Amino acid sequence: MKTFDAVIPYLKNSWGKITIGLLVLVFVNAIQLVMPLIIRNTVDGFNRAGFTQTDILKSSCLIIFLALCTIVLRYFWRMLIIGNSYVIELSLRESFYKHLMRLSQNYFNFSKIGDLMALATNDLNAVRMLFGIGLIAAADIFLLATSSFLFMISINLQLTMLVMIPMILLPFMILFFGKKLHRRFKIVQESFAKLSGMIQESISGIRIVKAFTQEDAELKKMQQYSNDFVKQNIKMAKLSGFFHPALGVLISISMVIVLVYGGRTVIRGDITIGSFIAFFSYLNMLIWPMFAIGWIVDMYQRGSASLKRLNDIWATKPEIADNDDTDYNITDIKGDLEIRSLSFAYITNNSDLISDSPSCIPPGAKEGKEPWDNDKIDITTIIFNDISFSIKAGQTLAICGRTGTGKTTLIDLLCRVYSPDKEKIFIDGKDIYKIPLELLRSSIVMVPQDIFLFSDTIANNIALGRPDASHEEIENAAKAASVYQDVMEFEKGFETIVGERGVTVSGGQKQRIAIARAILTDPKILILDDALSAVDTKTEKEILGNFIELRKNKTNIIIAHRISALSHADKIIVLSDGFIKEEGTHAELLEIGGIYSELFEKQKIEEKIQ
């Protein structure tokens, strides 16, 4: 992607405003260029016979009128161009956020939030400045500099040529400093991203920080990142601080030439005093574009550096997306689920050492054998090895096993958080790759281990999947999740605002609010991934009783460590060492006397001890 490709469509959409704004700018410059001519005629008129106080008053009134016109016209071009730059920034931010929403979950596993925040704020602001005031400055440089130069030539060609001698060095200075500014600004943005990420992480984990009395350590860490950010900005300021004054030196030399050589031409009578004053005025007009060149170069380097960082995100393709196998004629899911000879491992790509990312074991790979000929790929952990099972729509599947046996990974594959091999997971007899991703995700709702609540009302958190749900439906879902009474104990009930990530409610309340959210959505397939771990056994039984009744004709998958949460399931599978070690109903597995039975007996003993 070329640097400015992402912005061009938005510039095309607003070409009308930009064109009118630039035309207004032309009128403003024309007025500015006329003023020195009025002053010249007035000053030269002092020596003409018949020139009266009335003529001076007329010239003064004309200058005031033109100044007022300039104020009005400047307001309009600011609204048209600078105002439009905010609209472009808004569109780019929406595009950036929309693209982030399309990226696969694995991308965020290895991306720093601070870096993404910097892109959405500082970098987009730099782009806005470039296409707002930067665009104006660029137009002004061309229009005002060219016109001023022509008017100076019309007054005295030789004096103009002498004045322009110091300006020969200008392109070389801009080229030299421009490259350095570009590199320096990129480093500043990266430093800001690190600082932003560190502060965001520290504030998000403030409860842990306080629990372990690490306030001083976090403050010290923040100071280190902050000092680095200040250090990089100071380096940037030093570079800019030398660049702009260096331009000023060239301009000052030009002004000295005007005073010395121009003064002599006036004394000799080659030009009038009025022409000398007009020439000096046009030189001052030329000074703004000269300074603006440095400014626009600075802004261009900042804006282009930021756009390149944003382009890196836009160029990132989602790992999980619809493909040529997708059948868009599939518009509904019943809930039949089948896994056929599924193998899966977490692998590391050693060729580029970017990050660890999950991927499926290639067909034929077996534990203890070398499944890849390419030595750039290295298996880190085998999760599944040739597992198979199935359930019918309307049935409940329970998955249990010790920690690290891949229970959550299996669900992630089912939801296509990670991609399995083709023809390994089937829903309603169709390969999961044939089902449109949007339909798949909307038909499967998971209540994960790590519950996330937004900083919003309890009602809105429950109604996340169904924003149009009535208050009565929200209350019924809360009752089914056994959280209704807890909510009503809050002063504002369902209108209570929970803190960021739900920190103002207990772990059990968070889980039950999340279950209420899932129940209200009423998906074709509902997954509870250890979502009852923070509630007591009595509440668990109450929730499961309501759950079974409400979901008796829908497909359900329950992952839990407590056997009491699994006993009602139509089928239970026990994962261990990458295989399904046991499969059957609660009664059948107890009769086998294997892993499941051992877990059941241990939990019975623990309950008696408690």
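This text goes through a predicted model, taking its long helices, a helix pair, its nonpolar cores and several single residues in turn.

Helix α10 runs over residues 215-268 and holds 54 residues. From its first C-alpha to its last it reaches 77 Å, close to the 80 Å expected at 1.5 Å a residue. The helix is followed by G269, which has a positive phi near 85°. Within α10 lies S240. With a relative accessible area of 11%, S240 falls under the 20% limit and is therefore buried. Leaving out residues up to four places away in sequence, S240 touches L181, P245 and D298. Another residue to place beside S240 is F177: the two are 63 residues apart along the chain, and their C-alpha atoms are separated by 8.4 Å.

Helix α6 covers residues 133-155, with 23 residues. Its span from first to last C-alpha is 32 Å, close to the 33 Å expected at 1.5 Å a residue. The buried residues of α6 include I133, I136, I141, L144, M152 and I155. Also buried in α6 are G134, D140 and S148.

The partner to consider next is helix α7, residues 157-164. Two packed helices are described by the angle between their axes and the distance between the axes. For α6 and α7 the angle is about 135° and the axes are 6 Å apart. Because angles over 145 degrees count as roughly antiparallel and those from 65 to 115 as roughly perpendicular, this angle makes α6 oblique to α7. On the α6 side, the residues that meet α7 are F149, M152, I153 and I155. On the α7 side they are L157, T160, M161, V163 and M164. By type, the residues of this contact divide into 8 nonpolar, 1 polar and no charged. Of the α6 residues in the contact, M152 and I155 are also among the buried residues of that helix.

The loop between α6 and α7 contains N156. N156 has a relative accessible area of 13%, so this residue counts as buried. Apart from its neighbours within four places in sequence, N156 is in contact with I271 and F279. A518 is 362 residues from N156 along the chain, and the C-alpha atoms of the two are separated by 81 Å.

A buried residue can also be found in helix α3, residues 53-102, where H99 has its place. H99 is counted as buried because its relative accessibility is 6%. Its contacts, leaving aside neighbours within four places in sequence, are I313, W314 and T316.

The nonpolar cores come next. In soluble globular proteins, nonpolar side chains tend to be buried together. The largest nonpolar core here has 49 residues, and the members that touch the most others are I462, F494, I515 and L566. Helix α17, residues 507-521, gives the most to this core, with 7 residues. Another core, of 37 residues, lies apart from it, and I333, L397, I559 and I573 are among its members. Which residues surround L566, beyond its neighbours within four places in sequence? L566 is in contact with A398, I399, C400, I558, A560, I572 and Y596.

Two residues stand out by their backbone angles. Most residues other than glycine have a negative phi. S482, however, has a positive phi near 60° and is not a glycine. S482 lies in the loop between α15 (471-480) and α16 (484-489). D577 is likewise not a glycine, and its phi is positive, about 55°. D577 is in the loop between β10 (571-576) and β11 (579-584). Are these two loop residues buried or exposed? S482 counts as buried, because its relative accessibility is 11%. D577 is exposed, because its relative accessible area is 58%.

The last residue is E588, in helix α19, residues 586-592. Its relative accessible area is 44%, so E588 is partly exposed. E588 and K571 are 17 residues apart in sequence, and their C-alpha atoms are 9.8 Å apart in space.

Terms used. Residues numbered from 1 in each chain as written. Predicted model: local features only at pLDDT ≥ 70, side-chain atom pairs only at ≥ 80, totals over all residues. Heavy atoms only, no water. Core = buried A, V, L, I, M, F, W, Y, C linked by side-chain atoms within 4.5 Å. Buried < 20%, exposed > 50% of the residue type's maximum accessible area, 1.4 Å probe, protein only. Helix = DSSP H or I, 4+ residues; strand = E, 2+ residues; numbered from the N terminus. Contact = heavy atoms within 4.5 Å. Expected span 1.5 Å × (residues − 1). Axes fitted to C-alpha atoms, helices over the stretch in contact; angles between N-to-C directions. Parallel < 35°, antiparallel > 145°, perpendicular 65-115°, else oblique. Nonpolar A, V, L, I, M, F, W, Y, C, P; charged D, E, K, R; others polar.
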